[in-house]
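User: Could you take a close look at one helix in this model and set it in its surroundings? I would like a connected account rather than a list.

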Amino acid sequence: TQSTWGANPAMAGRVGAGRGVNTGRGYVPKKTFREETQLIKRVSKVEVHIATGFADGEAPMNVPAKYYMTDDMDILMQDELRQYCERSSANAGFLPCVKQLANVATLPGIVKWSIGLPDMHAGYGFAIGNVAAFDMENPLSVVSPGGVGFDINCGVRLIRTNLFEEDIIKRAVKEPLAQALYDHIPVGVGSQGIVPTGASILTDVMELGMDWSVREGYAWAEDKEHCEEYGRMLTADPSKVSTRARKRGMPQLGTLGAGNHYGEIQVVDEIFDRHAAKRMGIEETGQVVVMIHCGSRGFGHQVATDALVEMESACKRDNIILNDKQLACARIHSKEGRDYFAAMSCAANYAFANRASMTFLARQAFSKVFEMTPDDLDMHVIYDVSHNVAKIEEHMVDGKLMSLLLHRKGSTRAFPPFHPLIPVDYQGIGQPVLVGGSMGTSSYVLTGTEKAMELSFGSTCHGAGREQSRNLSRNSISHEKILQDLADKGIAVRMASPKLVMEEAPESYKDVTKVVEACEMAGLSKRAFKMRPIAVIKG
């Protein structure tokens, strides 16, 4: 299906204002929408390519860009670009996703493609849902905090149980279970944890990640085996973390926070791959699982903020030309680059320990309600994945094995069967990929594929992907309606700030089913099973 992206007459006829782009280093004429669309081509039902002349600004694209979306999902991308072209100033409002993909392709040392996934939406510097790999052996290659995000190692953990929905219905414990989870796990903006964390403990958490959780009794030893990086990034160096970041992180260990973070009690609704599901301990539909979605809280945010200040100076010193100042970066092997990577690894370890602490609290909540031990309830971790992180990995590129610094922002690692970095239990099925839906909608467990290694450096989607801004959601959707809709679906809800629920309304997000189907069509991942929520806790 070879067709020009802008071939839709209703779209191609909308010509932009043709105003200029002020890059801060000079004036660059701005293209019309019609001109822009000639540089974008749909090459299959699910893949779109962006040519190297597409970026606006002084820095040229070093590689092309591509993204994976079906035609109906792509309408939002087209509309964003059209609005951008028609704005009187290129500096007003956010950049469209396709422009962010192109700007990432201008960064020094990038390899092969700047890649967007089906849940892609606009973010800080990099789009959320953007994957980019940088050659570790190229002295000009960079690392960029915008390619990781402010919530470093925001991720998802899935815990199975041997309970079924009928057990919860028979005992009439759905509401008590939701309340117990809410009582045990601190939620909300600025929430403080019950895990005692002094300065020396925080240093251990930064360095050891889940090894600290196991040592202190907050995690089972086997939990680590089912965690990306085994719950610890060995590149962490606590000496590279600022005092301000430490102060923000100390009181927040074991807390969920707010925004799009949540804890959900879910029921397996549909099984697509029985063999893969069984390897993960899922026997039948109706089985109860617990999903925890959170990251490194204010600690990770401060690590990113600190690095951006340093990297703005590094860009000027090393004359790194950026089309967008939000792409502030530093050479990987520079002091700033090394310091950021070490501090980012500390924040990633904090996030692993944070999810481990909440797993401990969730196990306690279930144990209290069912009057059984967590072990008797078979509350084992299925997997824990990161979707905001940078890591050094080896990949085949054009027949050559390369050491790459992978930036995955709003995207999940999806390694195939028999990859050495996935757990022994999952060698035959591929790495589990946990994809959380929007509030009140389905979530999915996928498995990684060999084709993903070839197409996306072993990456796939991370969630539904935002379709409208938080501000627009607050102004267009009432929290009363959302809460009523959840109640009508039989979902028990506990939240610290009901009015904040408007930002996370299902209407604000893409359809997660379409996202995972697009990933499967592209060959990036395969569906294993689907879950639906029966209880949710939020900040």
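Analyst: Since the model is a predicted one, what follows describes computed features of it. What covers the buried residues of helix α6 includes helix α5 (165-171) and helix α12, together with strands β11 (262-271), β21 (492-495) and β22 (525-538). Helix α6 itself spans residues 174-184, and the residues buried in it are L177, A178, A180, L181 and H184. Viewed down the axis of α6, these buried residues fall within an arc of 160°, so they line one face of the helix. That arrangement can be read against a general rule: an α-helix has 3.6 residues a turn, so residues three or four places apart point the same way.

Helix α12, one of the elements covering α6, also leads to the wider interior. The largest nonpolar core of the model has 102 residues, and those with the most contacts inside it are Y67, L107, M344 and F457. Helix α12, residues 335-370, supplies the largest share of this core, with nine residues. Another core, of 30 residues, lies apart from it and includes I185, V187, V288 and A365.

A further part worth describing is strand β10 (residues 155-164), which is mostly covered, eight of its 10 residues being buried. Strand β10 pairs in the antiparallel sense with strand β12 (residues 287-294) over seven bridges, and in that pairing I159 stands opposite V290 of β12. Five bridges join β10 to strand β14 (residues 381-386), again in antiparallel fashion, with L158 standing opposite Y383 of β14.

Methods
Residues are numbered from 1 along each chain as its sequence is written. This is a predicted model: local features need pLDDT of at least 70, side-chain atom pairs count only at pLDDT 80 or more; totals for chains, interfaces and linings use all residues. Side-chain values use heavy atoms; hydrogens and water are left out. A nonpolar core is a set of buried Ala, Val, Leu, Ile, Met, Phe, Trp, Tyr and Cys residues joined through side-chain atoms within 4.5 Å. Buried means under 20% relative accessible area, exposed over 50%, partly exposed in between (1.4 Å probe, protein chains only). Helices (H or I, at least four residues) and strands (E, at least two) are DSSP runs, numbered from the N terminus. The arc is that of the directions from the helix axis to the C-beta atoms. Contact means heavy atoms within 4.5 Å. Two strands pair if DSSP finds at least two bridges between them.
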